[in-house]
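Work through the exercises below with the model open. Try each task before you read its solution.

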Amino acid sequence: MSAPAIRVRGLVNRFGSQVVHEQLDLDVERGEILGVVGGSGTGKSVLMRAILGLRPPQAGTIEVLGKTVDDRPGSRGLLRRHSGVLFQDGALFSSLSVLENVEVPLRTQTPDLSPALRRELARIKIGLVGLQPGAEDKLPSELSGGMRKRAGLARALALDPELLFLDEPTAGLDPIGAAEFDQLLRTLQSALGLTVFLITHDLDTLYSICDRVAVIGERRILTIGTLDEVERCDHAWVQAYFHGPRARAVRR
Ligand SMILES: Nc1ncnc2c1ncn2[C@@H]1O[C@H](COP(=O)(O)OP(=O)(O)OP(=O)(O)O)[C@@H](O)[C@H]1O
């Protein structure tokens, strides 16, 4: 089996006296969609930020694509080059058009590209996520929530990353829009061979597109595995989540 795309060992994250993670271990395998779930405030986003090198942990090691993540510029550069991130709110620049937003990573990471080629590459990504060409000149405020997510996804894919990080991508979308976004993610993941770290509260997303699921609680990974495996975990929160009325409705 090849080395995991992401390997976290003994991770400790604290804010003052609040311990968010204590000796947390996690492997994300290459080419999988890993769904990350857990109660509110259990540290899913903090974990994602630590893996991305945006927040140095108090202890532990993180390796991404075989390289140690730390606060040295080389490490940050590697992560920027190989990872795309879609934050919960899309985090688009409000004064830039969709096209200009998607061009931002290309401008910063590949400054030698000609403006024409940069625009062309950005347009390809805009097409890839299913946005109509007319959307490229719009400002984020002129887009629907679903279109904003797609624009954020196009920007996350601008540099052809191997890893994609998504923080609650379907939050705020109506059920049809959410299902379409899930299928888009699955299609892109398989076509582009992406490894995906996907934080979600959306049971439909877990059951329709995730290869494995990791449950965070009590400052660590409570259980990780396929849905069949995770459903069998006898931890009370996991049981309540995967065998509650909503989960039963999704599985039906
Ligand atoms: N910059 C910060 N300063 C202080 N505390 C923080 C900071 N960032 C996160 N926390 C705390 O760390 C804990 C975990 O936060 P995090 O955002 O990772 O939770 P989460 O699992 O993603 O929650 P949710 O599902 O509600 O988005 C929370 O108690 C939060 O208040």
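The exercises move from the ligand site to the nonpolar cores and then to two loop residues. Keep in mind that the model is predicted.

**Exercise 1. The ligand shell**

Task: Find how many residues surround the ligand, and which elements supply them.

Solution:
- Step 1. Count the shell. It holds 13 residues. The closest are Q18, S40, G41, K44 and V46.
- Step 2. Look at the elements. β2 (18-28) and α1 (44-51) each give at least two shell residues. The largest share comes from α1, with three residues.
- Step 3. Sort by class. Eight shell residues are polar, three are nonpolar and two are charged.

**Exercise 2. Polar atoms at the ligand**

Task: Look for N or O atoms of G41, K44 and S45 that lie within 3.5 Å of an oxygen atom of the ligand.

Solution:
- Step 1. Start with the backbone. An N or O atom of the G41 backbone is 2.9 Å from a ligand oxygen.
- Step 2. Turn to side chains. For K44, a side-chain N or O atom sits 2.8 Å from an oxygen of the ligand. For S45, the distance from a side-chain N or O atom to a ligand oxygen is 2.9 Å.
- Step 3. Check the cover. On its own the ligand has 640 Å² of accessible area, and the protein covers 59% of that.

**Exercise 3. The nonpolar cores**

Task: Which residues touch the most other members of the largest nonpolar core?

Solution:
- Step 1. Take the largest core, with 46 residues. L153, L164, V213 and F242 touch the most other members.
- Step 2. Ask which helix gives the most to this core. Helix α6 (residues 175-192) does, with five residues.
- Step 3. Follow L153. Beyond its neighbours within four places in sequence, its contacts include L86, V129, L164 and F181.
- Step 4. Find the second, separate core. It has 26 residues, among them V8, L34, A50 and F197.

**Exercise 4. Two residues in one loop**

Task: Are E136 and K138 buried or exposed, or in between?

Solution:
- Step 1. Place them. E136 lies in the loop between α4 (115-128) and α5 (145-156). K138 also lies between α4 and α5, in the loop.
- Step 2. Classify E136. Its relative accessible area is 10%, so E136 is buried.
- Step 3. Classify K138. Its relative accessibility is 33%, so K138 counts as partly exposed.
- Step 4. List contacts, leaving aside neighbours within four places in sequence. E136 is in contact with S97, V98, L99, R123 and I126. K138 is in contact with L96, S97, V98 and L143.
- Step 5. Compare sequence with space. K138 and A91 are 47 residues apart in sequence, and their C-alpha atoms are 15 Å apart.

Technical notes:
Residues numbered from 1 in each chain as written. Predicted model: local features only at pLDDT ≥ 70, side-chain atom pairs only at ≥ 80, totals over all residues. Heavy atoms only, no water. Near = heavy atom within 4 Å. Polar contact = N/O pair within 3.5 Å; in protein donor to acceptor, adjacent residues only side chain to side chain. Areas by Shrake-Rupley, 256 points an atom, 1.4 Å probe, with all protein chains shown as cover. Helix = DSSP H or I, 4+ residues; strand = E, 2+ residues; numbered from the N terminus. Nonpolar A, V, L, I, M, F, W, Y, C, P; charged D, E, K, R; others polar. Core = buried A, V, L, I, M, F, W, Y, C linked by side-chain atoms within 4.5 Å. Buried < 20%, exposed > 50% of the residue type's maximum accessible area, 1.4 Å probe, protein only. Contact = heavy atoms within 4.5 Å.
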